[in-house]
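The following exercises are meant for a reader who is meeting this structure for the first time. Each task is followed by a solution in steps.

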Amino acid sequence: MIELVFAIHVVGLVGAAIAGRRSIQGALRVAAIAPAATTIWAAESLLSGREPVSASMTWVEQLDLELIFLADSFALMMTLLVSGIGALVFVYASGYFAVDARGSIRFPVTLLGFSVSMLGLVLAESVWTVFIFWEFTSITSFLLVGHKLSDPSAQQAAWRALMITGAGGLSLLAGLLVLTDDVGSVLLADIAGSQTASPLAAVLVLIAVGTKSAQLPFHSWLPGAMAAPTPVSAYLHSATMVKAGVVVMAVLGGAFVDSQTWQWLGLIVGAATTLWGGFVALRQRDLKLILAYGTISQLGLLVTLLAVGTSKAVFAALSIVVAHALFKSALFLVVGEIDIRTGTRNLDELAGLHRSMPVAFVVAVLAGVSMAGIPPLLGFAAKEAAVEAVLKLSGIEQVVAFIGIVGGSVLTVAYTFRMLAGLSRSPEDGRTITALAFRPAMAIPSIIVAGLGLVGFVLLGTINGIVTPAATELNAGSAVYELLRWPGATTALMVSAAVVLVGSTIGAAIHRSETATVLGEPEPVAARVSDASIDGVLRLSRRVTARVQHGSLPVYLLTMSATVVIAAAAFLPAVSVTHLEWAETPVQLVLGLAIAAAAAAGVQVRTRLGAALTLGAVGVAMSGLFILQGAPDLALTQLLVETIVVVGFVTGLGHLARTFPPVTQGWLSVRLGVAVMCGLGVVGALAASSAQPSGSFPAADLLRESVETGGGNNIVNVILTDMRALDTLGEVVVLAVVAVGVIALARTSRSPGRAQ
Amino acid sequence: MTIGLLIAVGALTSVGVFLITARSLSRIILGFALLGHAVVLALVAAGGEAGEPPLANRVSAETIANPVPQALALTAIVISFGLTLFLLALARRQQELTGDDLVEDDLEDLRVAQ
Amino acid sequence: MIRSQSPIVHISVRAATPLAAVAGIYLFFAGHNQPGGGFAAGLVLGAVVILRSVAGLRTPDDATVLVATGMAIIVAVAAAPLVWGDLLLDQKVVSLELPLFGKIKSGSALLFDAGVVAVVIGLIVSLLNGLAPAEFSPESPGDETST
């Protein structure tokens with residue numbers, strides 16, 4: 001079944017590429033089919049409660065490299081989010097791009113490529129499968145953020161995202177190596193079941209999670225990534241890709257339940273991120289940036305809960321994952337619609353939006369209220385679970401988690417309040433916003449996701465039926481929990497009420513004193529630090545490239561030759577001269593010396609004709625050696641080849657100056673040194689190898705085989721045309737390719753247009 | 001392997017490496033051809049001691065030379081033959097474009113490094 | 001190419017052509033039992049082409065046809081066994097009784113070798129045409145165009 005899911009996506013990729021030639025709208029609609037089908041599959045499997053299906057494909061058996069997928073409850077829940085929101089985003093994007101936009105393949109195919117990568121990541125069951133798809137999501141995210149090729153700030157943001165998430169990928173690789181080495185298995189189930197994880201692995205994995213899920217101090221790429229088209233922001237940078245870190249943290253969490261490093265690092269980073277993100281979101285005026293920092297804040301919340309790692313906290317985290325995916329993607333989709341229809345995302349210019357774009361405003365309120373955690377929406381139930389999870393803790397852990405989660409929630413309420421109040425305030429000068437025509441393709445997906453927040457709250461049983469088994473998959477203790485529509489007058493409800501009260505007061509206060517100049521544009525130090533370090537890395541890589549890729553063929557070849565010397569050095573200890581004799585026959589020695597002399601002449605000779613003749617001399621002497629060695633075929637072929645090559649030399653180079661250009665002196669000593677070392681190295685390696693003869697060859701078998709199955713007496717020929725016929729076929733293909741190349745080169749040079 | 005063959009292989013390798021690091025394409029071609037010879041000779045010599053030509057109707061299993069490296073060497077000769085001819089055609093083209101056969105630094109590579 | 005106008009070169013090359021061709025054909029058929037084979041035969045025949053070119057005699061001028069024919073034969077021979085369910089490049093050995101040559105026992109390898117001969121000759125012809133100095137081809141302005 002999982003194979004089929006991937007197959008549908010591959011078909012979708014091809015279909016989108018074909019449809020994209022005509023129009024981007026068509027391509028996006030075609031691309032929506034595969035995620036939609038996957039959504040139906042995931043929903044059906046979840047509700048039917050079947051045994052999880054799996055799929056695997058061996059890649060390199062010896063290295064334990066296998067692609068393994070398992071569709072358990074957690075994977076299916078994530079699949080539902082990834083593919084469900086994906087399908088809606090594709091539909092939305094078909095409205096986002098102008099109708100007269102030229103056909104484009106790049107955007108639909110890359111976005112669907114991301115969708116497959118994310119699907120692979122959530123379905124993965126072995127760590128290496130996780131890693132591969134993790135990297136795929138980084139790469140597709142890079143391509144999508146940098147989608148506007150003409151916009152330098154988008155390019156810059158794409159680089160920043162790639163550098164940070166790429167560095168995180170390396171950290172993840174290192175962490176997974178440590179983990180698999182400790183546990184001795186590559187299966188996620190085995191790793192989550194073990195409790196042997198080292199602090200090193202905890203730190204490495206958390207760094208990876210931090211980069212991908214935009215935790216302090218790696219968060220700076222996420223606001224920059226808002227340069228991407230809004231469908232991308234809605235899909236990658238709120239609902240799915242940024243959750244990849246959280247997903248990895250969730251599935252590996254079992255291994256770290258007893259790790260103090262994991263808990264405290266995650267707790268502190270998560271709490272700090274949720275506060276910082278909320279605080280900065282309060283100061284933004286660009287709607288998309290408010291949402292981006294809000295996302296950072298919510299991700300911090302998730303990291304905090306998963307670091308705590310109790311069964312209630314895991315359950316709360318997954319509830320928030322679902323709720324957040326719904327309300328945040330709805331908000332992004334609405335903001336994109338506002339942006340397209342009014343031409344601005346600036347809060348100051350959007351006063352009175354509720355009059356000119358009522359539908360969009362209602363969607364924004366619905367999603368915003370869910371984000372603030374106010375009933376009757378899904379966000380409320382999820383946030384209640386989080387607060388309850390914190391109240392169950394004790395000691396200093398509880399204090400930190402409480403500050404993070406309650407503080408973050410207050411800030412969330414505040415920036416939501418401020419945003420919605422800003423949109424609904426009456427414009428001072430009586431201006432009205434001029435909005436373009438209603439676009440159903442954009443509005444409907446946002447209505448659906450925002451409406452799901454309401455429907456989900458009404459049909460909370462269904463949501464529980466999805467979240468509880470998923471949480472149980474990660475932490476067996478979660479089986480007893482479920483989201484409640486109305487918890488009754490509990491402490492948690494009191495806390496929530498206080499949160500809403502304080503948050504809306506802060507939001508209202510900021511809204512009233514809304515003179516942006518007071519607050520100014522925040523420029524977090526972290527962004528500057530990360531930009532500086534990224535610039536440093538890029539500068540370093542340019543400098544390294546300039547050193548190693550200097551464009552000089554002689555230096556490249558010298559480097560390779562020097563490497564040969566180093567490789568040959570390994571053989572030198574095995575050299576022994578005792579078994580070496582001067583020659584099998586005196587003639588052999590004479591011919592060997594003749595070859596050496598002719599080769600040496602090749603260095604000295606100044607004229608091109610002379611060079612051709614030395615080559616010929618070497619070839620003839622080689623033929624002689626082959627005769628002595630008992631290889632008449634080689635001797636014959638060598639002689640003929642040498643004849644043709646010498647003729648080729650004379651004809652091909654005959655029109656060049658008679659003598660070689662003078663040798664440049666600069667590198668001469670280096671070249672001589674490397675050349676002599678190379679010769680000595682090869683001699684050493686050969687002498688060493690002949691000190692350890694490999695025994696006799698199967699002469700009798702070869703004789704018999706040659707006559708009986710090959711039908712020939714010339715064993716060399718039989719080997720070439722029968723036993724190794726495929727090699728010979730390849731060899732003839734090489735000759736044919738050379739002929740084609742020579743003809744092509746000649747034709748280019750003879751073409752009439754060349755002289756101009 | 002005998003010292004006579006080792007001298008030949010060593011000299012061919014040294015001269016070959018020296019020539020392929022030259023600036024003149026015709027010297028580079030010469031160098032590649034010589035390196036090809038070095039490899040073929042080493043291959044044949046590594047096959048064992050000299051023997052009778054491997055013709056099934058004329059020799060016995062005791063005196064026969066090892067035919068397997070010979071077959072490999074034959075392929076090597078043919079391939080280096082093809083390579084040499086192709087390089088010659090390239091040198092010819094280079095001469096038509098620039099008037100000589102000097103290998104210049106790759107400007108694209110340098111540009112990347114800027 | 002250094003086209004000699006000397007009558008001695010002219011006549012001797014013309015006389016040597018059939019002899020060398022016979023030598024090539026001998027190598028071709030000998031290959032399976034004695035030193036020789038398709039590659040060597042192709043080189044000898046190619047050398048004949050070069051000699052004729054040096055002497056200013058007529059030579060084949062379309063290398064493409066030779067290379068294409070050779071490759072077609074080779075691929076056909078290589079793939080044919082697949083048709084009747086054998087492995088790629090599987091050999092068929094047949095015995096033939098020919099006048100002059102006597103009894104020839106050979107296989108599909110002989111056909112394969114014929115393809116090799118065509119490719120090798122094609123390569124050498126392409127080399128002759130490709131490397132020939134520009135001043136001999138009328139439409140090319142020669143070496144002075146270089147900048």
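## Exercise 1: Chain C

In chain C, 65% of the contacts between residues at least 6 apart in sequence join residues at least 24 apart. The model is a predicted one.

**Task.** State which helices and strands occur in chain C and in what pattern they follow one another.

**Solution.** Begin with the count: chain C holds four helices and two strands. Next, read along the sequence, where the pattern is α-α-α-β-β-α. Finally, add the burial: of the 147 residues in chain C, 38% are buried.

## Exercise 2: Two packed helices

**Task.** Determine how helix H2 and helix H3 of chain A are oriented relative to each other.

**Solution.** Two packed helices are described by the angle and the distance between their axes.

1. Locate the pair: helix H2 of chain A covers residues 24-48, and helix H3 of chain A covers residues 73-96.
2. Take the geometry: the two axes come within 8 Å and cross at roughly 155°.
3. Apply the cut-off: angles over 145 degrees count as roughly antiparallel, and H2(A) and H3(A) are therefore roughly antiparallel to each other.
4. Give the hand: H2(A) and H3(A) cross in a left-handed manner.
5. Sort the residues of this contact by class: 14 are nonpolar, nine polar and one charged.

## Exercise 3: Unusual backbone

**Task.** Identify which peptide bonds ending at Pro217(A) and Pro376(A) are cis or trans, and describe the phi of Ala214(A).

**Solution.** Most peptide bonds are trans, and most residues other than glycine have a negative phi.

1. From Leu216(A) to Pro217(A) the peptide bond is cis, with omega near -5°. Pro217(A) sits in the loop between helix H8 (199-212) and helix H9 (221-224) of chain A.
2. From Pro375(A) to Pro376(A) the peptide bond is cis, with omega near 5°. Pro376(A) belongs to the loop between helix H16 (358-372) and helix H17 (378-391) of chain A.
3. Ala214(A), which is not a glycine, has a positive phi of about 55°. Ala214(A) is placed in the loop between H8 and H9 of chain A.
4. Ala214(A) has 30 other C-beta atoms within 10 Å, and it is therefore buried.

## Exercise 4: The contact of chains A and B

**Task.** Find how many residues each chain gives to the contact between chain A and chain B.

**Solution.** Chain A contributes 92 residues and chain B contributes 81 residues. On the side of chain A, helix H28 (residues 668-690) supplies the largest share, 14 residues. By class, that side of chain A has 58 nonpolar, 25 polar and nine charged residues.

Technical notes
Residues are numbered from 1 along each chain as its sequence is written. Chains are lettered from A and ligands numbered from 1 in the order in which they are written. This is a predicted model: local features need pLDDT of at least 70, side-chain atom pairs count only at pLDDT 80 or more; totals for chains, interfaces and linings use all residues. A residue is buried if 20 or more other C-beta atoms lie within 10 Å of its own, exposed if 12 or fewer, and partly exposed in between; C-beta atoms are placed from the backbone. Two residues are in contact if their C-beta atoms, placed from the backbone, lie within 7 Å. Axes are lines fitted to C-alpha atoms, for helices over the stretch in contact, and angles run from 0 to 180 degrees between N-to-C directions. Angles under 35 degrees count as roughly parallel, over 145 as roughly antiparallel, 65 to 115 as roughly perpendicular and the rest as oblique. A crossing is left-handed if the near helix is turned anticlockwise from the far one by less than a right angle, and right-handed if clockwise. Ala, Val, Leu, Ile, Met, Phe, Trp, Tyr, Cys and Pro count as nonpolar, Asp, Glu, Lys and Arg as charged, and the others, Gly among them, as polar.
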